[in-house]
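Reader: I'd like a close look at one part of this model, the helix numbered second from the N terminus. Could you walk me through what it packs against and which charged side chains pair up around it?

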Amino acid sequence: DQFLGLLTNDGVKVGPPDQLIALAHERCDDERLSRGDSYGLLFGGHPSPWRVALSKLGTKLEGLGLAEQQVRPFMQDAINVYCPGATNFG
């Protein structure tokens with residue numbers, strides 16, 4: 001209820017609540033991924049698995065109807081309720 005209330009306060013009113021909660025937990029699960037970017041000359045730069053996961057999550061959220069500017073508040077609300085030790089963006 002707390003998470004859904006925060007989303008409502010942020011103007012996020014799209015998607016089934018159970019799906020939004022599952023995506024919030026996915027955000028917390030991403031914390032275990034490496035944040036180290038690799039920049040090999042042979043392959044070009046590669047973003048870290050953590051950045052790739054956040055990008056994919058953002059795409060999922062936008063697919064539910066969240067506006068691009070609502071993705072960051074969603075992620076911060078997920079952190080505040082479900083994974084308070086996490087950071088929003090690297």
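Author: Here is a tour of that helix, its buried side and its salt bridges.

A quick word on the ground rules: this is a predicted model, where local features need pLDDT of at least 70 and side-chain atom pairs count only at pLDDT 80 or more, while totals for chains, interfaces and linings use all residues. Residues are numbered from 1 along each chain as its sequence is written, and side-chain values use heavy atoms, with hydrogens and water left out.

The setting is a chain with four helices and two strands, running α-α-β-β-α-α from the N terminus. Helices (H or I, at least four residues) and strands (E, at least two) are DSSP runs, numbered from the N terminus.

H2 has 13 residues and reaches 18 Å from its first C-alpha to its last, close to the 18 Å expected at 1.5 Å a residue; that expected span is 1.5 Å times one less than the number of residues. Its buried residues are Leu20, Leu23, Ala24, Arg27 and Cys28. They sit on the same side of H2, because they cover an arc of only 150° around the axis, the arc being that of the directions from the helix axis to the C-beta atoms. Buried here means under 20% relative accessible area, exposed means over 50%, and partly exposed is in between (1.4 Å probe, protein chains only). As a rule, an α-helix has 3.6 residues a turn, so residues three or four places apart point the same way.

What does that buried set of H2 pack against? The partners are H1, H3 and H4, with contact meaning heavy atoms within 4.5 Å.

Now the charges. A salt bridge is a side-chain nitrogen of Lys or Arg within 4 Å of a carboxyl oxygen of Asp or Glu, and the structure holds three of them. In one, Glu26 pairs with Lys60, with the closest N and O atoms 2.9 Å apart. That pair ties together distant parts of the chain, since Glu26 is in helix H2 and Lys60 in helix H3, 34 residues apart. Glu26 is partly exposed at 22% relative accessible area, and Lys60 is partly exposed too, at 41%.

Arg27 pairs with Glu31 at 2.9 Å, N to O. Arg27 counts as buried, at 0% relative accessibility, whereas Glu31 is partly exposed at 25%. Glu31 also meets Arg35 in a salt bridge at 2.6 Å, N to O. Sharing partners this way joins Arg27, Glu31 and Arg35 into one network.
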